[in-house]
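Me: Please take a close look at one part of this structure with me. I am in my first year, so go slowly and explain the terms as they come up.

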Protein chains: 2
Amino acid sequence: MPVNLSAPQAQSLFPVRGVKLGAAEAHVRKPNRKDVLVMQLAAGSRVAGVFTQNRFCAAPVTLCKEHLAKGAAIRALLVNTGNANAGTGEEGLQHARQTCDALAGLMVCSPAQILPFSTGVIMEPLPVDRIVAGLPDCIKDLREDNWLRAAEAIMTTDIVAKGTSRRITLAGNTVTITGIAKGSGMIHPNMATMLGYIATDAAVDQQALDSMIQHAVNRSFNCITVDGDTSTNDALVLIATGQSGHAEIGMESADYGLLRDAITEVAIELAQAIVRDGEGATKFMTIRIENGRDEAECRKIAYAIAHSPLIKTAFFASDPNLGRILAAIGYAGVDDLDVNALKLYLGDVLVAEHGGRAASYQEAQGAAVMKAPEITVRVVLDRGAADVTIWTCDFSYDYVKINADYRS
Amino acid sequence: MPVNLSAPQAQSLFPVRGVKLGAAEAHVRKPNRKDVLVMQLAAGSRVAGVFTQNRFCAAPVTLCKEHLAKGAAIRALLVNTGNANAGTGEEGLQHARQTCDALAGLMVCSPAQILPFSTGVIMEPLPVDRIVAGLPDCIKDLREDNWLRAAEAIMTTDIVAKGTSRRITLAGNTVTITGIAKGSGMIHPNMATMLGYIATDAAVDQQALDSMIQHAVNRSFNCITVDGDTSTNDALVLIATGQSGHAEIGMESADYGLLRDAITEVAIELAQAIVRDGEGATKFMTIRIENGRDEAECRKIAYAIAHSPLIKTAFFASDPNLGRILAAIGYAGVDDLDVNALKLYLGDVLVAEHGGRAASYQEAQGAAVMKAPEITVRVVLDRGAADVTIWTCDFSYDYVKINADYRS
């Protein structure tokens with residue numbers, strides 16, 4: 001079950017002026033579930049995207065990049081679940097184009113003004129006809145207060161729908177930021193099998209929008225991992241509709257930081273929600289590496305800990321198995337690391353220093369920390385000023401069950 | 001259960017002239033199991049070792065390196081299970097020295113002529129007194145035909161004892177090579193929680209012996225992975241007692257290659273046995289990457305496949321989930337990889353090409369391959385002449401169970 005996570009209330013996801021959402025049951029893979037979503041954007045909206053770095057990027061990702069590069073004003077996003085249209089070669093690209101063509105026809109815009117997204121099984125042909133047949137129902141369903149329905153429509157192995165909102169005031173105008181996301185396995189930096197959509201009615205120029213999404217993703221979706229696998233389809237999109245009535249925000253605007261930070265908060269909450277809903281997760285783990293020489297070495301150590309199946313299974317068992325954590329620090333690839341200089345904490349408890357167990361440490365203290373559903377592992381390297389925090393979850397029987405059964 | 005692996009017969013592990021082995025029940029961690037082993041080497045034996053690259057290397061590893069660096073003739077190896085004496089700081093080093101001192105006293109040699117090895121739980125103080133108290137029983141038990149008993153004495157989570165022998169003829173003399181190993185989890189290149197001991201009665205100079213162990217380890221223990229974790233204690237030792245009566249083999253000797261290859265065969269069989277006995281393993285997977293630009297990129301792709309929990313759970317479920325394999329190839333970190341140029345095979349079946357499913361591929365073919373307990377995944381990159389083969393196993397419920405329960 002998800003760790004300290006429940007679905008948002010519909011009324012807690014505030015509408016964003018200029019964004020309408022509509023979902024339909026198109027039977028992409030299974031009947032009786034919402035599996036196609038259209039997000040319609042008002043004229044004048046600006047869009048920025050960050051996509052998977054997987055060499056096998058999926059057809060819709062290729063098309064998204066192509067459409068964004070063309071610079072035509074994006075007027076709609078089209079998302080389907082059930083089929084990822086990945087590992088589908090040239091035919092997959094044609095299929096993705098056909099869905100954009102169909103939606104462009106209904107919305108009276110050019111196909112290059114549509115961004116397509118797919119998630120689900122890979123290497124199966126996209127059922128274009130069924131998706132296209134579902135589009136009129138999506139259009140009929142378009143409403144500004146449909147965010148929860150949209151969050152539900154993009155779920156795959158997610159147990160809980162994920163969404164959150166913030167409201168801030170910019171130059172006397174109330175600005176809303178609302179985001180939804182999906183994802184629960186294959187989560188890793190560089191955007192693994194996750195889709196995230198964050199929209200604001202703020203007015204932001206393109207350069208500032210690009211800068212904000214990069215800032216937000218580096219502190220949120222690029223700081224989470226469930227199993228180290230990265231997918232072919234991941235994407236985070238940031239939309240600014242410009243409907244809130246204030247002057248356009250650029251890189252130099254006084255309100256730039258305020259808006260960027262609110263967007264980043266939304267991104268962090270969505271990213272953490274994905275980990276909390278990690279496949280089979282029973283614990284939410286925060287891995288914090290402090291006082292490293294640079295962020296790169298902090299990340300190496302953080303991910304060595306976060307990806308170790310031995311550590312993840314020990315945490316599942318609530319076992320304060322310090323040795324496995326020390327071993328992971330040791331093989332993280334920081335060649336000149338002095339293991340005698342570092343300190344390891346579980347929660348607030350100092351558990352290891354001088355290359356071994358701390359003299360003050362009692363196993364009962366570690367056991368008490370491990371019992372909680374939220375656990376912080378902190379490694380203080382004592383060799384610099386760089387810090388990195390990442391979030392992950394444990395590895396349970398259910399992880400194996402979910403992933404062994406996924407296609408059945 | 002181990003995949004196509006059973007314990008060797010005692011008579012199939014041929015004695016090596018100049019090596020005597022003796023084991024005892026010393027109650028290092030649990031009663032009623034052999035947990036201390038002494039291997040006594042005849043005068044004139046040469047020894048080469050390869051050790052973990054983990055920065056948290058255990059105290060006995062530090063001491064092994066120190067003793068080998070001193071160049072004193074090694075006369076005995078001392079192995080205990082139950083406790084790894086790792087993450088134990090300065091005290092751990094003293095403990096390891098105390099065990100060497102005690103054995104040196106019984107064998108009338110210097111402590112620097114002993115190599116100590118420990119495996120088991122980490123960050124617990126080594127019970128030196130109990131190990132030392134067990135040494136006289138080990139000495140009493142010393143026999144040349146004790147290899148199976150020795151293989152059993154070094155087991156931890158292993159289900160099956162691991163050992164194999166070869167005999168070759170060098171200049172008219174029969175030469176024996178016998179090896180034993182332990183390990184079933186945390187297995188990764190650079191020697192993860194595994195101990196391996198290979199002995200031959202051949203006469204080999206030190207340079208040739210060092211060269212042979214490096215050749216063997218690169219083609220065996222450095223080509224296996226169970227869960228990607230590497231341990232603090234791993235070691236492979238190659239012993240040449242020089243008792244077989246032929247002229248000493250150097251780098252230029254005609255028989256160098258013959259002996260090296262026989263040693264490598266033993267190392268490969270032992271390394272594969274560790275994977276076959278991988279924690280919770282139900283499938284033995286061979287990952288072969290062909291026609292890469294260099295070995296480094298082949299290894300990146302091979303390990304991305306071998307370490308993916310999503311692929312390992314799919315193989316556990318006998319699910320030919322090609323998409324997960326393609327995704328792993330895509331995120332392996334080979335930045336300029338042309339995914340449209342590569343071919344993916346399951347067994348002999350071409351399953352993907354041109355960036356997607358092969359037109360000829362039927363899922364029933366993939367399902368048939370996946371049902372077998374031994375599965376080969378082959379990726380042909382079509383961009384060079386480098387090949388790499390590695391071996392791994394699947395990820396089952398039992399992997400989680402074993403590692404969640406290990407300390408209980």
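**A sheet in chain B and what lies around it**

Reply: Let's start with one pair of residues: Ala23(B) has Leu37(B), in β2(B), as its bridge partner. This is a predicted model, in which local features need pLDDT of at least 70, side-chain atom pairs count only at pLDDT 80 or more, and totals for chains, interfaces and linings use all residues. Residues are numbered from 1 along each chain as its sequence is written, while chains are lettered from A and ligands numbered from 1 in the order in which they are written.

Now widen the view. β1(B) runs antiparallel to β2(B), residues 36-41, and 6 bridges join them. Strands here are DSSP runs of E with at least two residues, helices are runs of H or I with at least four, and both are numbered from the N terminus. Two strands pair if DSSP finds at least two bridges between them. In chain B, 4 strands make up an open sheet with mixed pairing, in the order β1-β2-β4-β5. Its edge strands, each pairing on one side only, are β1 (19-24) and β5 (114-118) of chain B. On average, neighbouring strands of this sheet are turned by 15° against each other, direction ignored. Axes are lines fitted to C-alpha atoms, for helices over the stretch in contact, and angles run from 0 to 180 degrees between N-to-C directions.

What packs on this sheet? That is α2(B), which touches β2, β4 (76-80) and β5 of chain B and makes about 135° with the direction of β5(B). Two residues are in contact if their C-beta atoms, placed from the backbone, lie within 7 Å.

The partner chain comes next. In the contact between the chains, 50 residues of chain B meet 50 residues of chain A. Here we meet α2 again: α2 (89-107), α8 (309-316), α9 (322-331), β14 (356-357) and α11 (397-405) of chain B each give at least two residues to the side that touches chain A. The largest share, 8 residues, comes from α9(B). By type, the residues on this side of chain B are 24 nonpolar, 18 polar and 8 charged. Ala, Val, Leu, Ile, Met, Phe, Trp, Tyr, Cys and Pro count as nonpolar, Asp, Glu, Lys and Arg as charged, and the others, Gly among them, as polar.

How are the two copies related? A turn of 180° and a shift of 0.0 Å along the axis lay chain B on chain A with an RMSD of 0.0 Å, and that is the relation of a two-fold axis. The superposition is by least squares on the C-alpha atoms of residues with pLDDT of at least 70 in both copies. In chain B, Tyr397(B) has the C-alpha nearest the axis, 2.8 Å from it. The same surface serves both copies, as 100% of the contact residues of chain B recur in chain A.

For a last stop, compare a strand in chain A. β3(A) pairs with β10(A), residues 235-240, in the antiparallel sense over 6 bridges. There, Ala48(A) has Leu238(A) as its bridge partner. Because 6 of the 6 residues of β3(A), residues 46-51, are buried, this strand is largely enclosed by the rest of the structure. Buried means that 20 or more other C-beta atoms, placed from the backbone, lie within 10 Å of the residue's own; 12 or fewer means exposed, and in between is partly exposed. In a regular strand, side chains alternate between the two faces of the sheet. In β3(A), Arg46(A), Ala48(A) and Val50(A) are buried on one side, and Val47(A), Gly49(A) and Phe51(A) are buried on the other.
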